[in-house]
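Good morning, and thank you for coming. Please look at the model that I am about to show, and keep it in view while I speak.

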Amino acid sequence: MTKTVGIFGLGLIGTALAERLLAAGYEVVGYDVDQARGALLQELGGTPAVPEVIWQSDIILSAVFSTDQLADIIAAAPDVTDVVLVTMSTCDPDQIAELADTARERSIVLVEAPVSGTSLQVRQGTALLLLAGDPAGLDAFEKVADAISPNRERVGEIGNGNKTKLAINCVLGLNRAAVAEGLVFAEALGLDPAKYLQTALRSAARSDVMAAKGPMMVAREFTPLGRVAQSQKDFKLIREIAARNGHGNMPMVNRYLEVMENAEQAGDSDLDNSAVFLAVSRMAKS
């Protein structure tokens, strides 16, 4: 039985994963360059550790910010034997496929399980995990995956997990922007935003995004469950991969990135991604 789970990256998602695993009785060791995040893991009952110790775990999860950081983890790995490394972040699917080959040369089985959902949904055990890659590696992950979420889908070969995740994120981001612009428009018309949102949630325009992010926009309460910076990073990757595949013009993606640039310039990058509302509000008045 898998007893120890190592986690690289203790941000919003990594910490939520640790909470789920600790609650299920697993030993969790984690590493993050930010020592304050390691201290938080210790408060939760886990053990902050250096990377060499993480690699001694029965299975290892990566919840780092970018594909480059995942590549660095693999490059710096000590000598190991048939260790399963599960990348749960949003990464470049083409690079993931290449990294799987690099990892295999070092006796590391790299598989995907990117998380579709917020850190709150991970903490609640309702996020969707998009599994892809080596079947035996995924089988090893499935032994601990029930402690994270029963909501899982195998989507094929390595790379397909992040392809699916990015296509989903494209819809989610544009949906958030649409909710924000609808609220900005409603307020411009003199409607009470809370009342408008209550009515919209009963209409054909209703979505899970509206239900989750609309109240945060109305309250101007943007404690992060998923940050603006992460959304901006994902949409840059979406545009880049679309161009690689013959779709050089993604009109709504391009416009969303303009909104994200406004948010970045205003210092909103570390706010919840529902803070797209602030950017849309500023841009509507320009």
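**A walk through the sheet, the core and a pocket**

Let me begin with one pair of residues: Ile-60 has Leu-85, in strand E5, standing opposite. Before I continue, please note that this is a predicted model.

The two residues belong to a pairing in which E4 and E5 run parallel, joined by three bridges. In general, the strands of a sheet pair through backbone hydrogen bonds, in either the parallel or the antiparallel sense. The chain also connects these two strands in a defined way, since E4, helix H4 (residues 67-75) and E5 form a right-handed β-α-β unit.

How many strands form the open sheet, and in what order do they lie? There are six strands, in the order E3-E2-E1-E4-E5-E6, and their pairing is parallel. At the edges stand strand E3 (47-48) and strand E6 (108-112); each has a single partner strand, so one side of each lacks a neighbour in the sheet.

I shall now cross the sheet, starting from the E3 edge. E2 (residues 27-31) and E3 run parallel and are joined by two bridges. Here Val-29 faces Thr-47 of E3. Val-29 also leads us to the next pairing, because Gly-6 stands opposite Val-29 in E2. E1 and E2 are joined by five bridges and run parallel. Together with H1, these two strands make a right-handed β-α-β unit.

On its other pairing, E1 meets E4 in the parallel sense, over four bridges. There, Val-5 has Ile-59 of E4 as its bridge partner.

Beyond E4 comes E5, which I have already introduced. E5 pairs with E6 in the parallel sense, over five bridges. Within this pairing, the bridge partner of Val-84 is Val-109 in E6. A right-handed β-α-β unit is found here too, made of E5, helix H5 (residues 93-105) and E6.

Let us now consider burial. Are the residues of E1 buried or exposed? Five of the five are buried, so E1 is largely enclosed by the rest of the structure. The directions of the side chains deserve attention. In a regular strand, side chains alternate between the two faces of the sheet. In E1, Thr-4, Gly-6 and Phe-8 point one way, while Val-5 and Ile-7 point the other way.

The description of E5 follows a similar plan. Five of the five residues of E5 are buried, so this strand is largely enclosed by the rest of the structure. Val-83, Leu-85 and Thr-87 point one way from E5, and Val-84 and Val-86 point the other way.

This brings me to the nonpolar core. In soluble globular proteins, nonpolar side chains tend to be buried together. Here the largest nonpolar core contains 31 residues, and those with the most contacts inside it are Ile-7, Leu-17, Leu-21, Leu-61, Val-86, Met-88 and Phe-141. Two or more residues come from each of strand E1 (4-8), helix H1 (12-23), strand E4 (59-62), strand E5 (83-87), E8 and H7. Which of these elements gives the most? It is H1, with six residues.

Two of the contributors, E8 and H7, have not yet been described. Strand E8 (residues 128-131) runs antiparallel to strand E7 (residues 115-116), and two bridges join them. In this pairing, Val-115 stands opposite Leu-129 of E8. E8 also pairs with strand E9 (residues 152-154), in the parallel sense and over three bridges. Leu-129 takes part here as well, with Arg-152 as its bridge partner in E9. From E8 the chain passes through helix H7 (residues 135-145) to E9, in a right-handed β-α-β crossover.

Finally, I turn to a pocket lined by helices. The second largest pocket has a volume of about 270 Å³. Its lining residues include Leu-174, Glu-181, Met-252, Arg-255, Tyr-256 and Met-283. Helix H8 (160-188), helix H12 (251-265) and helix H13 (276-284) are the elements that give two or more residues to this lining. H8 provides the largest share, five residues. What is the make-up of the lining by class? The lining has 10 nonpolar residues, two charged residues and no polar ones.

To close, I would ask you to keep two images in mind: the open sheet of six strands with parallel pairing, and the nonpolar core of 31 residues. Thank you for your attention.

Terms used
Residues are numbered from 1 along each chain as its sequence is written. This is a predicted model: local features need pLDDT of at least 70, side-chain atom pairs count only at pLDDT 80 or more; totals for chains, interfaces and linings use all residues. Side-chain values use heavy atoms; hydrogens and water are left out. A crossover is right-handed if, with the strands pointing away from the viewer, the path from the first strand over the helix to the second runs clockwise. On a 1 Å grid over the protein atoms alone, a cavity is a set of points where a 1.4 Å probe fits but cannot get out, and a pocket is an open set with protein on both sides within 12 Å along at least five of seven lines; lining residues have an atom within 4 Å of a point. Grid points are joined across faces, edges and corners, and a volume is the space filled by probe spheres set on the points. Ala, Val, Leu, Ile, Met, Phe, Trp, Tyr, Cys and Pro count as nonpolar, Asp, Glu, Lys and Arg as charged, and the others, Gly among them, as polar. A nonpolar core is a set of buried Ala, Val, Leu, Ile, Met, Phe, Trp, Tyr and Cys residues joined through side-chain atoms within 4.5 Å. Buried means under 20% relative accessible area, exposed over 50%, partly exposed in between (1.4 Å probe, protein chains only).
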